[in-house]
Amino acid sequence: MYGNDFGDFDDPGAGPLNAADTGEVEAAAAHADRRAELDLSDFDAIIAADQRIEPRDAMPEEYRQTLIRQIAQHAHSEIIGMQPEGNWLTRAPSLRRKAILIAKVQDEAGHGLYLYSAAETLGITREELLDRLHNGKQKYSSIFNYPTLTWADIGAIGWLVDGAAIMNQVPLCRCSYGPYARAMIRTCKEESFHQRQGFEALWDLMRGTEAQQAMAQDAINRWWWPALAMFGPRDTGEHAVKGGHTAQSMAWGIKRFSNDELRQRFVDMTVPQAERLGLKLPDPELKWNEERGHYDFGEIDWDEFWRVLKGDGACNAQRMERRVTSHKQGAWVRDAAAAYAAKSEGRKAAASNEGSAA
Ligand code: BYC
C-alpha cells in the first residue's frame, strides 16, 4: 500500500495521490538548525530567519496561546476522530479491512499523543487540555460531527478527510514552533497511508456491484462539502472572516498558507482522482478554469459550518458524551499508571540512598 501504487499504475501522467507524496515532508524534515551559526536568540530575529522557536525560548504570550489553541484543537480532533471510524471496526467487510482500520484508528490515538506532548511543552498540562475539551472551552474539527452511515463512509473519510488533513498538515511540518513541526512529520507519513487505504476501499467498491457503487457515491455526496469546510472559513479577499487568525499566524510562521489556498490545492488534486475512481463530486459549479489554472468550485454552506461549530451538528452531543464517559471509565488506568510511577520513583530513591550509605 505504500509508494505510488495508485498514482501512476496505468497513467504515468497522474500526479501524487496526496500532499505528503510531493517531497515537501522530506524537505521539512531536512530543516537545518542555523540559529547558533547566525547567533540568533531574539524571537523576532528567529522568525525572520525562518528558524524554529523551541520550548526554552522566550516567546510573546499571544504566540504561546495561539499555539496552545491550535495544537490542542488538533490533538482533540485526532482522538475524537477515532469515534466515527471505530464505529465500523466490528463491521468491516473482511479481516484485511478490519486489520487496516484497527491500525488506522490506533495511529489517530498516536497522533493525539504526539500533539498533546507538543502542547505540554508550552506549559499547559494534559489534564487541563482534556478539561477544556470536556467543558467545551476548546473545539475539535467540524468534520467529526458527521455520522458514518455505511462502510463506504470509511473509504470517504480516508480519501477525502485524511486527504484534506494532509494538505493542511504538510505545511505545518515547517511551522515555526519546533515541537509541533516535528510532530507533523511523522503524522503526515502515517496520514499518507490512511488516505491510500481510503482510496483503495473506494476503488474496490467502484469496481463492485451497482449497489456498492451507489453506496460509494452516496458517501462522497455527504462528505465532499464537509471536507472542503474543514480547511476553515474563507480568509482571503472580500470573503476574509473578521476576527480570523490567518494573518497573524502567517506572520509568525505557524500557518504557511491561507485556508483558501489549501482548499484550492485540495480541490485541484482531488478532481482528477475522482475521475479515476469514477465518482461524481456533488458540485454543479465544479469546472476547470483555464485562465486561473485551477478548478472553480461552488460556495460552501458556511451557515452549516458555524452551526456545527456551535454544537448543532448531527453528532456533537454523541461525540462528547462518549469522550467524557470513556475518560471517566479510564480513570483507574491513569490512577494505576500514576501509582506505578510513584512506586518506581520510590524504589529508585531507596536504591540510591542505600548506594550512598554504603
Ligand atoms: N473545525 O481563523 P481561522 C485529522 C475555527 S484531524 C472547527 O482560520 P485558525 C483526522 C478556528 O478554530 C484534522 N473549528 O483559525 C483525525 C477559529 O475559531 P476560534 C484536524 C474550525 O486556527 C482522525 C475560527 O474557526 N486538523 O486529520 O488560524 C481521523 C476561525 O478560523 C475549523 C487540524 O486541527 C474546523 N474545521 O485555522 C481522520 C489542523 N476551521 O479558535 C483525520 C491544525 C476553523 O478562534 N489546525 N475553525 O474560536 C489548523 O491548521 C488551523 O487551526 C485551522 C484553522 C486551519 C483548522
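## The largest pocket

The largest pocket holds about 1200 Å³ of space. Keep in mind that this is a predicted model. A total of 50 residues line the largest pocket, and the ones nearest its centre are Gln73, Asn168, Met230, Phe231 and Gly232.

## Who builds its walls

Quite a few helices pitch in here. Those giving two or more residues to the lining of the largest pocket are H4 (61-80), H6 (95-120), H8 (152-169), H9 (178-206), H11 (246-251), H12 (259-277) and H13 (302-312). H8 makes the largest contribution, with seven residues of that lining.

As for chemistry, the lining of the largest pocket splits into 20 nonpolar, 17 polar and 13 charged residues.

## The second largest pocket

Next up is the second largest pocket, with a volume of about 610 Å³. Its lining is made of 20 residues. Nearest the centre of this pocket sit Ile79, Met82, Arg323, Ser326 and His327.

At least two lining residues apiece come from helix H5 (82-86), H6, helix H7 (126-134) and helix H14 (316-329). H6 is the top contributor to this lining, giving five residues. Sorted by class, the lining of the second largest pocket comes out as eight nonpolar, six polar and six charged residues.

## A helix with two jobs

H6 is worth a second look. Helix H6 (95-120) is among the elements that give two or more residues to the lining of the largest pocket, and H6 also gives the most to the lining of the second largest pocket.

Methods
Residues are numbered from 1 along each chain as its sequence is written. This is a predicted model: local features need pLDDT of at least 70, side-chain atom pairs count only at pLDDT 80 or more; totals for chains, interfaces and linings use all residues. Side-chain values use heavy atoms; hydrogens and water are left out. On a 1 Å grid over the protein atoms alone, a cavity is a set of points where a 1.4 Å probe fits but cannot get out, and a pocket is an open set with protein on both sides within 12 Å along at least five of seven lines; lining residues have an atom within 4 Å of a point. Grid points are joined across faces, edges and corners, and a volume is the space filled by probe spheres set on the points. Helices (H or I, at least four residues) and strands (E, at least two) are DSSP runs, numbered from the N terminus. Ala, Val, Leu, Ile, Met, Phe, Trp, Tyr, Cys and Pro count as nonpolar, Asp, Glu, Lys and Arg as charged, and the others, Gly among them, as polar.
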